[in-house]
Amino acid sequence: MHETYGLVAFRSRQQVLRMETQLKRKGITCSIISTPREIAVGCGLSIRFKPEDLSRVIAEYRDMDTSALIGFYMVDNNGQRQSLRPVSVGSGFSGPNPAGFGGVRSGMPDLGPAPERTTRGRP
């Protein structure tokens, strides 16, 4: 079964719970899932959402006033292989780099897209 979904990862479980509450209040379907090991940083929990809700999820994140973000990702899973692609949220972003690579902040040069991360399927 092939599926694609959005993922937002935080360093803090408190921020994951706060974001989930905020998204559900706004009518955005989401769920808390284990963070994929490829991200390998943070509290171990992330929020999964529909790809078509990405811009709304980013807007809600911007309203949160938190610096615990690891990043936004698009996950493509075909049942045997999963790939994660960091998502850039644009030049107006004022938090940590949404791709989770270092503490890049707005106003600093764009280092280009991060490499795609892939894994073999897991049982």
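How many disulfides does the count come to? I started there. The count comes to zero disulfides. I work from a predicted model throughout.

**Cysteines**

I looked up two cysteines next. Cys30 is buried, at a relative accessible area of 10%. Cys43 also counts as buried, with 15% relative accessibility. Both fall in that class because the cut-off for buried is under 20% relative accessible area. I remind myself that a disulfide is a covalent bond between the sulfur atoms of two cysteines. The tally for this model stays at zero.

**Overall layout**

I then listed the secondary structure. The protein chain has two helices and six strands. Read from the N terminus, the order is β-α-β-β-α-β-β-β. I checked burial for the whole chain: of its 123 residues, 43% are buried. I noted the surface too. About 7100 Å² is exposed, and carbon and sulfur atoms supply 48% of that area.

I wanted the sequence range of the contacts. I took those between residues at least 6 apart in sequence. Of these, 69% join residues at least 24 apart.

**Strand E3**

Is E3 mostly covered or mostly open? I find this strand, residues 45-49, mostly covered. Four of its five residues are buried.

Which way does E3 run against its partners? With E1 (residues 3-10), E3 runs antiparallel, and four bridges join the two. I picked out one pair here: Val8 has Ile47 of E3 as its bridge partner. With E2 (residues 30-34), E3 again runs antiparallel, this time through five bridges. On that side I marked Ile33, which stands opposite Ser46 of E3.

**Ala9**

Ser46 led me to Ala9. I place Ala9 in strand E1. How far apart are the C-alpha atoms of Ala9 and Ser46? I read a separation of 4.5 Å, for two residues 37 apart along the chain. Ala9 has a relative accessible area of 0%, so I log this residue as buried. I set aside neighbours within four places in sequence and listed the contacts of Ala9. They are Ile39, Ser46, Ala68, Leu69, Ile70 and Gly71.

**Nonpolar cores**

How many residues does the largest nonpolar core have? I count 22. The residues with the most contacts inside this core are Phe10, Met19, Ile47 and Phe72. I then asked which elements give two or more residues to this core. They are E1, H1, E3, helix H2 (54-64) and strand E4 (69-77). H2 gives the most, with five residues. Apart from this core I found another, of eight residues. Among its members are Tyr5, Ile39, Ile70 and Leu84. I had already met Ile39 and Ile70 as contacts of Ala9.

**Gln22**

I closed with a residue of helix H1 (residues 13-25), Gln22. Buried or exposed? Gln22 is buried, because its relative accessible area is 16% and the cut-off is under 20%. I again left out neighbours within four places in sequence. That leaves Glu60, Asp63 and Met64 in contact with Gln22.

Conventions: Residues numbered from 1 in each chain as written. Predicted model: local features only at pLDDT ≥ 70, side-chain atom pairs only at ≥ 80, totals over all residues. Heavy atoms only, no water. Buried < 20%, exposed > 50% of the residue type's maximum accessible area, 1.4 Å probe, protein only. Pairing = 2+ DSSP bridges. Disulfide = S-S within 2.5 Å. Contact = heavy atoms within 4.5 Å. Areas by Shrake-Rupley, 256 points an atom, 1.4 Å probe, with all protein chains shown as cover. Core = buried A, V, L, I, M, F, W, Y, C linked by side-chain atoms within 4.5 Å.
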